[in-house]
Amino acid sequence: MRRHAGFTLIELIVVVAVITGLVAAVTPALVQQILDRRIQATQDEVRVLHDAIVGNPSEMRFGFVGDIGRTPNSLQELVQRGGLPGYSNSTTRGIGIGWRGPYVNAGTSTADALTDSFGRSYTTSAGQVRSAGPDGIPNNSDDIVYPPSAPAITGSVFVTLKTKDVNGVTIVDPPLYEVRLTYARDGAEETLVAAGSPFNFTNVPMGVHALQVVSTGGTTAGTVIAEDTVVVRPRGSAVLEFTF
Ligand SMILES: [Ca+2]
């Protein structure tokens with residue numbers, strides 16, 4: 001009787017079927033695992049980019065917005081200064097103004113830091129960071145976006161002035177004084193002036209800014225009467241009182 005040296009056809013078919021079945025069972029799980037890992041990595045990265053943009057105001061970190069006074073037009077601005085003014089100390093109370101990046105650890109390359117786990121560039125709008133997600137198509141349901149809505153980046157500053165008249169009577173918000181707020185606008189030093197009561201500033205970009213009370217009348221016109229540093233937090237109201 002003639003014997004086969006190897007497998008019979010039936011045996012081969014069975015073996016191939018078993019292997020095919022195993023591959024079919026394992027592959028989707030493996031693919032899903034890789035996908036899950038990429039989604040998780042991208043979710044982590046959009047948070048890192050968000051932190052670079054707005055910092056953590058409760059920890060006195062204001063990120064790119066705190067130095068520049070606006071959200072980045074492109075994420076490239078987080079790693080390259082481009083045309084923005086470099087960081088320096090303002091002439092007013094030495095507050096820091098200008099680009100002091102990179103705001104994200106660029107790792108091996110800046111392109112890598114700004115690329116999601118699917119190999120595509122993140123985009124940004126109004127402080128939100130977006131990955132087009134696994135399908136690579138922006139603005140649909142599988143996108144990975146953080147934060148869920150555009151972050152608040154501005155707050156308000158309310159200043160009260162108090163002085164005494166010749167009779168020792170306190171005058172609130174006396175005339176002939178103005179309050180100046182110095183902050184970063186597009187990375188450059190900018191001063192807002194409240195020329196009279198109420199000395200309020202709204203929609204001020206978050207960050208550490210300078211306030212000055214300046215005389216506008218008589219022989220002391222132009223003299224800085226008082227000054228201080230003010231911290232503006234998103235949606236916050238900083239209330240300051242100057243007595244002189
Ligand atoms: Ca998508």
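**Entry 1: helix 1 and its end**

A helix here is a DSSP run of H or I at least four residues long, and helices are numbered from the N terminus. I note that the model is predicted. I looked up what follows helix 1, and found that Gly55, just after this helix, takes a positive phi of about 60°. Next I checked the helix itself. Helix 1 (9–54) has 46 residues, and from its first C-alpha to its last it reaches 67 Å. That is close to the 68 Å expected at 1.5 Å a residue.

Which residues of helix 1 are buried? I listed Thr42, Glu45, Val46, Leu49, Ala52, Ile53 and Val54. I recalled that an α-helix has 3.6 residues a turn, so residues three or four places apart point the same way. The buried residues of helix 1 pack against helix 2, strand 4 (128–131) and strand 5. Helix 1 lies across strand 4 and strand 5, and its angle to strand 5 is about 25°.

**Entry 2: the sheet of three strands**

I then turned to the strands that helix 1 lies across. Strands 3, 4 and 5 form an open sheet in the order 3-4-5, with antiparallel pairing. Strand 3 (123–125) and strand 5 are the edge strands, each pairing on one side only. From one strand to the next, the twist averages 20°. Three bridges join strand 3 to strand 4. I picked out Thr124, which stands opposite Val129 in strand 4.

Val129 also came up when I looked at Leu49. Leaving out residues up to four places away in sequence, Leu49 touches Leu75, Val104, Tyr122 and Val129.

**Entry 3: the nonpolar core**

Which residues of the largest nonpolar core touch the most other members? I found Leu49, Phe64, Val65, Val157 and Leu181, out of 39 residues in this core. Among the elements giving two or more residues to the core are helix 1, helix 2 (63–68), strand 6 (154–164) and strand 8 (177–185).

Why does this core lie between the two domains? Domain 1 (10–146) and domain 2 (154–243) both give residues to the core, so it lies between them.

**Entry 4: the two domains**

I looked up how far apart the domains are: their C-alpha centres are separated by 39 Å. In contact are 17 residues of domain 1 and 19 residues of domain 2. On the side of domain 1 that touches domain 2, helix 2 gives the most, with four residues.

**Entry 5: the sheet of four strands**

In what order do the four strands of the other open sheet come? I read the order as 9-8-11-12, and the pairing is antiparallel. Strand 9 (188–194) and strand 12 (224–232) each have a single partner strand, so one side of each is left without a neighbour in the sheet. On average, neighbouring strands of this sheet are turned by 25° against each other, direction ignored. Strand 11 (residues 207–215) and strand 12 run antiparallel and are joined by eight bridges. I followed Val208 to its bridge partner in strand 12, which is Val231.

**Entry 6: a glycine in a loop**

Last, I looked at Gly196, in the loop between strand 9 and strand 10 (199–205). Gly196 has 14 C-beta neighbours inside 10 Å, so it counts as partly exposed; the buried class starts at 20. I also looked up its separation from Ala52, 144 residues away along the chain. Their C-alpha atoms are 37 Å apart. Ala52 is one of the buried residues of helix 1.

Technical notes:
Residues are numbered from 1 along each chain as its sequence is written. This is a predicted model: local features need pLDDT of at least 70, side-chain atom pairs count only at pLDDT 80 or more; totals for chains, interfaces and linings use all residues. Two strands pair if DSSP finds at least two bridges between them. Axes are lines fitted to C-alpha atoms, for helices over the stretch in contact, and angles run from 0 to 180 degrees between N-to-C directions. A residue is buried if 20 or more other C-beta atoms lie within 10 Å of its own, exposed if 12 or fewer, and partly exposed in between; C-beta atoms are placed from the backbone. A nonpolar core is a set of buried Ala, Val, Leu, Ile, Met, Phe, Trp, Tyr and Cys residues joined through C-beta atoms within 7 Å. Domain bounds come from an automatic or database domain assignment. Two residues are in contact if their C-beta atoms, placed from the backbone, lie within 7 Å. The expected span of a helix is 1.5 Å times one less than its number of residues.
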